[in-house]
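Reader: I'm a first-year student, and I get lost when I see a whole protein at once. Please pick one part, take me through it slowly, and show me what surrounds it.

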Amino acid sequence: MINMQQLLATSVPGPTVGGRGAPSRRRRPSAAGPGVAHVPLMLMALLLTLLTLAAPTHGYLDDRQPVYLEAKIGSYVILDCPVDFPQDEPIPYVLHWNKDNKPVFTLYDGVLNAYETFIGRVTLLNNDILYGKASLNLTSIRESDNGWYECKVIFPNRVPNKRNNGTWFHISVLGGTLLRVPPVNQTVLEGDPAFFHCIVQNPETMFVEWYKDNELLLEYYDLAQRSMMGPDGSLTINPTQMSDLGFFTCEVRNSANDTQSASAYLNVQYKAKVVYADKEVYIPFGQSSVLNCHFRSNPPLKNLRWEKDGFLFDPYNVQGVFYNRNGSLQFDKVDDSHAGRYSCTPYNDLGTDGPSPIINVIVQRPPFFTIKPKLVYVTKMGGTVHMHCDARDRDGYHIPQITWIKKDGSLLPYGRFSVNGGNLTIEDIVESDRGIYGCQAINEAATMTADAEIMIENVSPRAPYNLTGNSTDTSITIRWAPGYIRQYLEYIIWYRLADAPEWRTLKVSNKHILEATITNLQPAREYEFMVLCQDNYGDGMFSKAFRYFTKPTEFEQPENGLQDALLQFSQIGSPRNFYVRKEQDNFVAHWEPPELGLDQLRFYILRWWVEPQHKLHGSAETSETRYVLENLDEDELYTFQVFALSTTNYTSGSNEFEIYVYPYRRVKLMTVSGVLILLFCLAVISTLLYMKRNRIRKLREAENVKI
């Protein structure tokens, strides 16, 4: 607090006595008296005092509230320290971070310095928009990091050189019962040793194990041979290799089986190097092609230089040749002038490990088809299909390798196909044989493919099936299983409000994604969906209609009337993990109750269909999570599905499950019949033998009587 008398004494100096001050002059006493003359001076002093108290403080605020932080050993903590520039204009500044009045980190003239045990563990976050420009990231927390931290910002070219910058932090280190000093991130050059701390509290009673990328270090045989663990648990890798890059974790375990772990990252840097190069590369004449340079680089690649026939090869000066982002050469249209002996040399900030071996690039004519298979082959079940294909390459007389594949990735039917030259024959056609086939002509330069499709009469392609859904209050995500697979397919979602006449459509952009999310829907409304699958000819089939509710908008404590109104939109989840298996003499269906809306469950509805006609064969209702299936026809393929029915008549279906009912009764009947026939035959044979024996005996007796 400013003393008023001192302020008056300094603001209104009196005459100087015996000095060099101005000579004193006598003044006539005022008629108002001496007290009245000091009133204006007192008012002025009071005004100055108020202005002084109201003026902003330009010094460092020692009474700023501290920030208390907690961190576990081995983790990290961010000390957020903003910088208040004068007039919000960035100017040069000096940053000091102190711990218990000892320097931790400084930034001066663009040079960063960390001190003692903080080397390699502190990072300035001056370019992070989430934190202030003086913020610090302290990693690999250890017990000694516990204490007070101070952030100070100084402006050396300004008076005063401090503003209201700076913050006090207190870090409390938790969980230091086992690990005292965790490992710290390391950056080393390949070939140099790397060292990771893992100092435990009591090495005699604690055991340390090291992991790399969550795998036990001993599993890496080569790395384990180059690693050594010290008596305190610390790890040394000497020498390092570029494959050592990754996360290293030390796990400490005591006699009570308590564990604590901490991780650090090893960044192994090396000169850019070529790791692999083909001796010969064939590129197809008249087509586009790529010549790759297989390299590894850390730090990242800066430049990649190509040479051809011993001279610098600059794609910018060669028409039709370009650089790709990874440094490879892109030939837009290959011609004979592109043949030659190439080599590549990668560079990074550390330099290069040298050029690649010579890559001999050969321009070769790609295969071309002399006989192509027909686009479509129509056959019947059990029939035979012959698909013809032949190709040539090089000079037009050489025959390339010709193979056949099925474009959906499945194998050709085992035991029912044969390839003669380039011709494919499939016998005893079954439903699974339909689809797209490809005749591939292959040589060293390229692979050419001619497609053909097998279609079976009276067997229509299956539409998308097994539709399931998931919803929010404004969107529904639909998933489905593909009915059949062709090379060119697209899916279109048809949807509408359940009570609306007009349909809307949504095209799925990626044919390999079997789900779609429809947005901008109304809350607590039922929508109807169908999935249309189309090929490039425009032919397709719709799935079965599928209905699903969007979730109602959440309300806080809705009143009874509103709650009753929302009940009609109450959903129930699908039964889970549905399957059917044979138990003793019957088939039994099992499932788990739904996770959502179990309190709204009325009962389950189990249905099963005969395939491939997909004809409903039976239906049953139950409140249990299992059902014994009786009277299933033998030698039939069935599809089963269970539905959960809510009290608001909302249903939700499980996954579909297919099972084939083996003809047990028929086989049993045939077996019993065979046994009975065999017994009957044995009985007949025994009777005949008995009668024959009696006849022989009677004949012998008759002969004896005559004698």
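Author: Let's start from the outside. The protein chain exposes about 43,300 Å², and carbon and sulfur atoms supply 53% of that area (accessible areas come from the Shrake-Rupley method with a 1.4 Å probe, and for residues only the protein chains shown count as cover). Keep in mind that this is a predicted model: local features need pLDDT of at least 70, side-chain atom pairs count only at pLDDT 80 or more, and totals for chains, interfaces and linings use all residues. Residues are numbered from 1 along each chain as its sequence is written, and side-chain values use heavy atoms, with hydrogens and water left out.

Of the chain's 707 residues, 37% count as buried (buried is under 20% relative accessible area, exposed is over 50% and partly exposed is in between, with a 1.4 Å probe and protein chains only). The secondary structure comes to six helices and 53 strands; both are DSSP runs numbered from the N terminus, helices being H or I with at least four residues and strands E with at least two. Take contacts between residues at least 6 apart in sequence: 62% of them join residues at least 24 apart (a contact means heavy atoms within 4.5 Å).

Now for the part I'd pick: strand β19, residues 259-276. Strands of a sheet pair through backbone hydrogen bonds, either parallel or antiparallel, and two strands pair if DSSP finds at least two bridges between them. Strand β18 (residues 246-254) pairs with β19 in the antiparallel sense over eight bridges, and Thr249 stands opposite Ser263 there. Together β18 and β19 make a hairpin with four residues between them, and Asn257 in the turn has a positive phi of about 70°. Then there's β22 (residues 294-298), which pairs antiparallel with β19 over four bridges; Lys273 has Arg296 in β22 as its bridge partner. Strand β11 (residues 186-189) goes the parallel way, joined to β19 by four bridges, with Leu189 opposite Gln269.

You can find parallel pairing again at β30, where four bridges join this strand to β37 (residues 447-456). In that pair, Val378 stands opposite Met455. Look along β30 (residues 376-379) and the side chains alternate: Tyr377 and Thr379 point to one face and are buried, while Val376 and Val378 point to the other and are not.

Next, a sheet you can trace from edge to edge. It's open, has three strands in the order β38-β39-β42, and pairs antiparallel. β38 (465-471) and β42 (515-518) are its edge strands, each pairing on one side only. From one strand to the next, the twist averages 20° (axes are lines fitted to C-alpha atoms, for helices over the stretch in contact, and angles run from 0 to 180 degrees between N-to-C directions). Five bridges link β38 with the antiparallel β39 (residues 476-481), and Thr468 has Arg479 as its bridge partner.

Asp473 sits in the loop between β38 and β39. Its relative accessible area is 30%, so Asp473 is partly exposed. Pro552 is 79 residues from Asp473 in sequence, but their C-alpha atoms are 5.5 Å apart in space. Leaving out residues up to four places away in sequence, Asp473 touches several residues, including Leu521, Gln522, Thr550 and Pro552.

Compare that with Ser543, found in the loop between β44 (540-542) and β45 (546-549). Ser543 counts as buried because its relative accessibility is 6%. With residues up to four places away in sequence not counted, Ser543 touches Ala463, Pro464, Leu467, Met530 and Val531.

To finish, back to the surface. Val672, Val675, Leu676, Leu678, Leu679 and Leu682 form a nonpolar patch with about 540 Å² of accessible area together. Patches are made of residues with over 30% relative accessible area and no salt bridge, with like charges joined within 9 Å and nonpolar side chains (Val, Leu, Ile, Met, Phe, Trp, Tyr) within 5 Å; a salt bridge is a side-chain nitrogen of Lys or Arg within 4 Å of a carboxyl oxygen of Asp or Glu. Leu676 lies in helix α6 (residues 664-706), and with a relative accessible area of 53%, Leu676 is exposed.
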